[in-house]
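Hi there,

Here is the structure I promised to pass on to you. Have a look at it first, and then read on for what turned up in it.

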Amino acid sequence: MSPAAVLPWLLGASSGVALALPIARRAARVELSERAAALSVRPRPRSGWRSVPTRLLARWTHSDGVVPRVLRSLNARRGSRGSDAALARELPVALDLLGVAVGAGCTPYLAIEVAVHWAPARVAAAFADVVRSCSLGLDLESALDAAARATPLLRPLADALLATDRLGVPVGPVLARLAEEDRTTLRRVAEAHARRVPVRLLFPLVFLVLPAFVLLTVVPGLAAGLGRL
């Protein structure tokens, strides 16, 4: 084929490529914009090792996660510990009151009724549950046993009252001994707490008081001495 015959074919092919190239570029830009729009509307979920801390954090901080359960258990333990400490402080007064009522001739049930009106709040609430159970038809032994199971600190008192109810043993000396033991325990706890106070005061003394003392006494002297040089 002669060069004169090939030239029209080359011109036609080059003109076709020149016309098709802008169309192909436009199509590529449209495809890229559509992909970007799809990614912005529906972001692909993260996967791999980078998403592991996020999933663990979401799992731990969920309402049923590890961290909320631990915090709830700590709060419940702290609340029960504070309630037990308050009940232990009130118990010697209630024991003295029961001893006075029994010494005046009251039966254990009547002494408990007196303690409901005159005992401190937490002990009175426990005794009120006993009186309520007895008014509903439960015997005194079962009611005292239920109160002792609900509040273990009342177990010695319940045993003493049950002993005098079953055997007729004088309960006054037993109540006086229990009150004295509880007061001794409270005194020991207070002394132990007082011994821990100096240790707790070391932190503000070392990190707050001593630096302030150094800043107010030593630093001005050093600054004055350096100013004279």
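Let's begin at Pro120, which touches Glu90, Val93 and Ala94 once its neighbours within four places in sequence are set aside. You will find Pro120 in the loop between H4 and H5. Glu90 is 30 residues away from Pro120 in sequence, yet the two C-alpha atoms are 6.0 Å apart in space. Please keep in mind, here and below, that this is a predicted model.

Now for the overall picture. The protein has eight helices and zero strands, and reading along the sequence gives the pattern α-α-α-α-α-α-α-α. It has 229 residues, and 19% of them count as buried. If you take the contacts with a separation of 6 or more, 47% come from residues 24 or more positions apart.

Next, the inside. Which residues have the most contacts within the largest nonpolar core? They are Leu95, Leu98, Ile112, Phe127, Val130, Leu144 and Leu157, in a core of 33 residues. Several helices feed into this core: H3 (66-103), H4 (108-118), H5 (121-135), H6, H7 and H8 (172-228) each supply at least two residues.

Ile112 is a good residue to click on if you want to explore that core. It sits in helix H4. Is Ile112 buried or exposed? With a relative accessibility of 0%, Ile112 counts as buried, because the cut-off for buried is under 20%. Beyond its neighbours within four places in sequence, Ile112 is in contact with Leu98, Phe127, Val130, Val131, Leu140, Leu144 and Leu161. One of these partners, Val130, is 18 residues from Ile112 along the chain, and their C-alpha atoms are separated by 8.2 Å.

Leu175 is another one to try. This residue belongs to helix H8, and its relative accessible area of 1% makes Leu175 buried. Leaving out residues up to four places away in sequence, Leu175 touches Leu95, Leu98, Gly99 and Leu157. You can also compare its position with that of Pro92: the two are 83 residues apart along the chain, with 9.0 Å between their C-alpha atoms.

Then there is the way the helices pack. How do H6 and H7 run relative to each other? The axes of H6 (residues 140-150) and H7 (residues 155-167) come within 9 Å and cross at roughly 170°. That makes H6 roughly antiparallel to H7, because angles over 145 degrees count as roughly antiparallel. On the H6 side, the contact is made by Leu140, Glu141, Leu144, Asp145, Ala148 and Arg149. On the H7 side, Arg155, Ala158, Leu161, Leu162, Asp165 and Arg166 take part. Sorted by class, this contact has six nonpolar, no polar and six charged residues.

H7 also meets H8. Their axes come within 10 Å and cross at roughly 170°, so H7 and H8 are likewise roughly antiparallel to each other. Pro156, Leu157 and Ala160 of H7 make the contact with Val174, Leu175 and Leu178 of H8. Here the classes come out as six nonpolar, no polar and no charged residues. Notice that Leu175, the buried residue from above, turns up in this contact.

Last, a look at the aromatic rings. A pair of aromatic rings is described by the distance of the centres and the angle of the planes. The structure holds one aromatic pair. Its members are Phe203 and Phe207: the ring centres are 4.9 Å apart and the planes are at 40°, so the pair is tilted. Where do these two residues lie? Both Phe203 and Phe207 are in helix H8, four residues apart, which is about one turn of the helix. Are they buried or exposed? Phe203 is exposed, and Phe207 is too.

If you would like a route through the model, try starting at Pro120 in its loop between H4 and H5, then move to Ile112 in helix H4, and finish at the ring pair in helix H8.

Happy exploring, and do write back with any questions!

Best wishes

Terms used:
Residues are numbered from 1 along each chain as its sequence is written. This is a predicted model: local features need pLDDT of at least 70, side-chain atom pairs count only at pLDDT 80 or more; totals for chains, interfaces and linings use all residues. Side-chain values use heavy atoms; hydrogens and water are left out. Axes are lines fitted to C-alpha atoms, for helices over the stretch in contact, and angles run from 0 to 180 degrees between N-to-C directions. Angles under 35 degrees count as roughly parallel, over 145 as roughly antiparallel, 65 to 115 as roughly perpendicular and the rest as oblique. Contact means heavy atoms within 4.5 Å. Ala, Val, Leu, Ile, Met, Phe, Trp, Tyr, Cys and Pro count as nonpolar, Asp, Glu, Lys and Arg as charged, and the others, Gly among them, as polar. A nonpolar core is a set of buried Ala, Val, Leu, Ile, Met, Phe, Trp, Tyr and Cys residues joined through side-chain atoms within 4.5 Å. Buried means under 20% relative accessible area, exposed over 50%, partly exposed in between (1.4 Å probe, protein chains only). Rings of Phe, Tyr and Trp (its six-membered ring) pair if their centres lie within 6.5 Å; planes under 30 degrees apart count as stacked, over 60 as edge-to-face and the rest as tilted.
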